[in-house]
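Biologist: Before we discuss the packing of this protein, could the sequence and the structure be placed in front of us? I should then like to put a series of questions about it.

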Amino acid sequence: MPEKRFNVAVAGATGAVGNQMISSLEERNFPVRSLKLLASSRSIGRTLKFRGDEIPVQELQKDSFKGVDIALFSAGGGTSTHFSPFAAKDGCVVIDNSSAWRMDPDIPLVVPEVNPHAVSGYKRKGIIANPNCSTIQMVVALNPVHREFRIKRIVVSTYQSVSGTGKKAIDELFDQTRAMINFLDYKREIYPHRIAFNCLPHIDVFLENGYTKEEMKMVHETRKIMEDDGIAVTATTVRVPVFFGHGESVNIETVEPISPETVREILKKAPGVKVVDDPSRNLYPLAIDAAGQDLTLVGRIRRDESVKNGINMWIVADNIRKGAATNAVQIAEILAKEYL
Ligand code: A2P
């Protein structure tokens, strides 16, 4: 029987994640019959390459999804809130990278290595949410440990690259760095403070409880994906002057006794994980190694000597790929193989 092929759309195709969605569809050889590229009216006239063809970018509109089977969205929360229901109404399954739908109890939030079964919930609203980039890489590494030792508390501090904010933030870090090393004045548009040669403990907006929205996403999304509301999570999220790749210092406390050796053994076998942990040779996960590939790198695995059952580790992944585009395409693969 010939392989089933799908009409696919990418909404936000001109953005940092949208661009990678197109590349991930191509790299992973997703069975695309036709590809529709959508963005704002600002991008009319542009073309983007897919499998050697130049595809014109069209304006995202309510009726853009007629005849489309799967739409990958990465065009911001407002755009998604507005347009996803029109897509779903036309029978198109939306995989949305924004935070708009993630905590809706009727919408699955999926990391294929952790809760692939949850994809089936797309039937309720025709939408599947792609989690926050920092949450994805954390649960890929922690879920196998949780299944074995029951994690009761997670304390995470992130070191997040500017590409997570989008294309304009990549330009801002580049322009500010170039201006500063040439002793020129720099411009500040995307971040509230200079990001070049600086770290900002501020990602997304501040909430009433003193945390940022990004920090609370890590709390709520982790529990939803790992399907365990009993896990205590606290996060501090920091923007650092790195272009691609998020780092995370993660401390866990478990119910069962745990050792660095067993964690290393479990993670060596875990899907989507690569253990990089040989301090004697200065080997540990780096953003520059994580960038451009799809594995979540884990290292610096060591005992937290201040508690009974505790482990510290350092987790790094490419936030645009596994943290966004690749995870979305992996969800599409499950949909295509098992549901559509
Ligand atoms: P455009 O390039 O036409 O502005 P990033 O996160 O890298 O900044 O990318 C955001 C993506 O979302 C871009 O592709 C952008 O298109 C798209 N986008 C933003 N606002 C809208 C909108 N109102 N309608 C359609 N696409 C939008």
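Biologist: Which residues does I252 touch, not counting residues up to four places away in sequence?

Modeller: I should state at the outset that this is a predicted model. I252 belongs to the largest nonpolar core, where it is among the five members that touch the most others. With residues up to four places away in sequence set aside, the residues that I252 touches are L142, V145, I151, R153, I154, I258, N309, G310, I311 and M313.

Biologist: Which members of the largest nonpolar core touch the most other members?

Modeller: This core holds 51 residues. I252, just discussed, is one of the members in question. The full set is F65, I154, V250, I252 and M313.

Biologist: Which helix supplies the largest share of this core?

Modeller: The largest share of the core amounts to eight residues. They come from the segment spanning residues 133-149, which is helix 4.

Biologist: How many residues does the second, separate core contain?

Modeller: Among the members of this second core are F6, V17, V57 and I70. The core is separate from the one described above, and its residue count is 37.

Biologist: How are helix 4 and helix 7 oriented with respect to each other?

Modeller: Two packed helices are described by the angle between their axes and the distance between the axes. For helix 4 and helix 7 (residues 260-269), the axes come within 9 Å and cross at roughly 120°. An angle of 65 to 115 degrees would count as roughly perpendicular and one over 145 as roughly antiparallel. The two helices are therefore oblique to each other.

Biologist: Which residues of helix 7 meet helix 4?

Modeller: On the side of helix 4, the contact is formed by A141, P144, V145, E148 and F149. The residues of this contact divide into seven nonpolar, one polar and one charged. The partners contributed by helix 7 are T262, V263, I266 and L267.

Biologist: Which residues of helix 9 make the contact with helix 4?

Modeller: The axes of helix 4 and helix 9 (residues 321-338) come within 8 Å and cross at roughly 85°. Helix 4 is therefore roughly perpendicular to helix 9. Helix 4 contributes C133, I136 and V140, while helix 9 contributes K322, G323, A324 and N327.

Biologist: How do the residues of the contact of helix 4 with helix 6 divide into nonpolar, polar and charged?

Modeller: Here the axes of helix 4 and helix 6 (residues 213-226) come within 10 Å and cross at roughly 40°, which makes helix 4 oblique to helix 6. From helix 4, C133, S134, T135, M138, V139, N143, H146 and R147 take part, and they meet E214, K217, M218, E221, T222, I225 and M226 in helix 6. The division is six nonpolar, five polar and four charged.

Biologist: Is V255 buried, partly exposed or exposed?

Modeller: V255 is placed in the loop between strand 10 (246-254) and helix 7. Leaving aside neighbours within four places in sequence, V255 is in contact with F149, R150, K152 and N309. Buried requires a relative accessible area under 20% and exposed one over 50%. Because its relative accessibility is 33%, V255 counts as partly exposed.

Biologist: Where does R150 lie?

Modeller: R150 has a phi near 55°, a positive value in a residue other than glycine. R150 is also one of the contacts of V255. Its position is the loop between helix 4 and strand 8 (151-160).

Biologist: In which strand does R300 lie?

Modeller: R300 also has a positive phi, of about 50°, although it is not a glycine. At 35% relative accessibility, R300 counts as partly exposed. It lies at residues 296-303, in strand 12.

Biologist: Is P112 buried or exposed?

Modeller: P112 is found in the loop between strand 6 (93-96) and helix 3. Not counting residues up to four places away in sequence, P112 touches K322, N327, Q330, I331 and I334. Its relative accessible area is 13%, and P112 is therefore buried.

Biologist: Which residues does Y122 touch, not counting residues up to four places away in sequence?

Modeller: Y122 has its place in helix 3 (residues 122-125). At 10% relative accessibility, Y122 counts as buried. With sequence neighbours up to four places away excluded, Y122 touches V93, P108, I127, I128, L335, Y339 and L340.

Methods
Residues numbered from 1 in each chain as written. Predicted model: local features only at pLDDT ≥ 70, side-chain atom pairs only at ≥ 80, totals over all residues. Heavy atoms only, no water. Core = buried A, V, L, I, M, F, W, Y, C linked by side-chain atoms within 4.5 Å. Buried < 20%, exposed > 50% of the residue type's maximum accessible area, 1.4 Å probe, protein only. Helix = DSSP H or I, 4+ residues; strand = E, 2+ residues; numbered from the N terminus. Contact = heavy atoms within 4.5 Å. Axes fitted to C-alpha atoms, helices over the stretch in contact; angles between N-to-C directions. Parallel < 35°, antiparallel > 145°, perpendicular 65-115°, else oblique. Nonpolar A, V, L, I, M, F, W, Y, C, P; charged D, E, K, R; others polar.
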